[in-house]
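This report covers the fold, the core and two loop residues of one protein chain. The sequence and the structure come first.

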Amino acid sequence: MLRLRTSLLFALVVALSGIRPGEPYFYNGIKSGLEADLKHSLFLDRVGQCRWQHDLPIFLSDMRIAQQNNTHYVISGVLRVRRNITDATTGTVSIEICQNATQCRPFIDRPVAIGDVCQFLAEKRPSSLGEVLGHSVPPLRCPLTKGVYRINDALVDYKPFRYFSPNVSKLWRIDLVAESGQKRVFCVRIELYVYSWEDMLPRY
C-alpha cells in the first residue's frame, strides 16, 4: 500500500509539473565558478525592465527563464522599441550585492562605461550576449527601429557570471543602462543567486 501511494504521488507530481518520466529534471541551478570543478550553483531569477522605469523608449518585459540542464538556462522574452533610436547610444553596467530584495549596496563605486552600445553589441556577437541577441526575431540591428522584437529560446550559461562569488554575496543585481541624446532610453535588471556547494547541503 505504501509503495502504491508513493507511485501515485510521483505520478501526480510528474503530471502537474509537465515532466515526462525518464527525462532529467534539474533543480539545483547551473554550475558556476572560477575553479575547474565549478563548485558554485547559480540561479538566474529575473531578467527584465528596471523597477519603476516602464515608460522608457525601450522596454523589456520580464523574460521567461527555464533551466535546460545543469549548465544552461533558456530565456525568452519580448523587447518593445517604442520609437526609432537614431542618436549615438552609450551604455553603463552597475553591479550591486544584496542582503535581500530591498537592501543592496554597490559592489563597485561607479557604473562601468561600455561606450558606444552599437559597437559593443557588434563586438559581443560571439559571446553569451551575442547568443541572446542572435535569437531575436526580427534581428536586432543598429540603429534600432520602432517595433516588437521577440527573443526566442536563447541559451545562457554561467560564463557572464563566473566572477560572482557566494563568499561575497548570495544575491547579485546587475543593471544595464543606455542613454541616447543625454536621456535614458533603456534599463534592464538581472537578478541572480549564487550558492556554494556547502550552502546546498541538506540541513537537519
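Contact here means heavy atoms within 4.5 Å. With that in hand, the overall picture can be read from a predicted model.

**Overall**

The protein chain holds three helices and 12 strands. Of contacts with a separation of 6 or more, 60% join residues 24 or more positions apart. The chain has 204 residues, and 36% of them count as buried. It exposes about 13,100 Å². Carbon and sulfur atoms supply 56% of that area.

**The largest nonpolar core**

This core has 36 residues. Leu-44, Phe-161, Phe-164 and Leu-192 touch the most other members. Eight entries make up the list of elements that give two or more residues: strands S2 (40-49), S3 (58-60), S5 (73-81), S6 (89-98), S10 (147-156), S11 (171-180) and S12 (183-195), plus helix H3 (128-133). S12 gives the most, with five residues.

What does Leu-44 contact beyond its neighbours within four places in sequence? The partners are Ile-65, Tyr-73, Ile-75, Phe-161, Ile-190, Glu-191 and Leu-192. Two of these, Phe-161 and Leu-192, are also among the core members that touch the most others.

**Two residues in the S10–S11 loop**

Ser-169 lies in the loop between S10 and S11. Asp-157 has its place in the loop between S10 and S11 as well.

Is Ser-169 buried or exposed? Its relative accessibility is 7%, so Ser-169 counts as buried. Leaving aside neighbours within four places in sequence, Ser-169 is in contact with Ile-97, Cys-98 and Val-194.

Asp-157 is buried too, yet has no salt bridge. The nearest side chain of opposite charge is that of Lys-159, 4.2 Å away. A salt bridge needs a side-chain nitrogen within 4 Å of a carboxyl oxygen, so a distance of 4.2 Å does not qualify. Lys-159 does meet Asp-157 in another way, through its backbone nitrogen. Outside the neighbours within four places in sequence, Asp-157 is in contact with Ile-30, Thr-71, His-72 and Ser-128.

Each of the two loop side chains has a polar atom paired with a backbone atom, as tabulated here.

| Side chain | Backbone atom | Distance |
|---|---|---|
| Ser-169, polar atom | Leu-171, oxygen | 2.8 Å |
| Asp-157, polar atom | Lys-159, nitrogen | 3.1 Å |

Technical notes
Residues numbered from 1 in each chain as written. Predicted model: local features only at pLDDT ≥ 70, side-chain atom pairs only at ≥ 80, totals over all residues. Heavy atoms only, no water. Core = buried A, V, L, I, M, F, W, Y, C linked by side-chain atoms within 4.5 Å. Buried < 20%, exposed > 50% of the residue type's maximum accessible area, 1.4 Å probe, protein only. Helix = DSSP H or I, 4+ residues; strand = E, 2+ residues; numbered from the N terminus. Polar contact = N/O pair within 3.5 Å; in protein donor to acceptor, adjacent residues only side chain to side chain. Areas by Shrake-Rupley, 256 points an atom, 1.4 Å probe, with all protein chains shown as cover. Lys, Arg positive; Asp, Glu negative; His and termini not counted.
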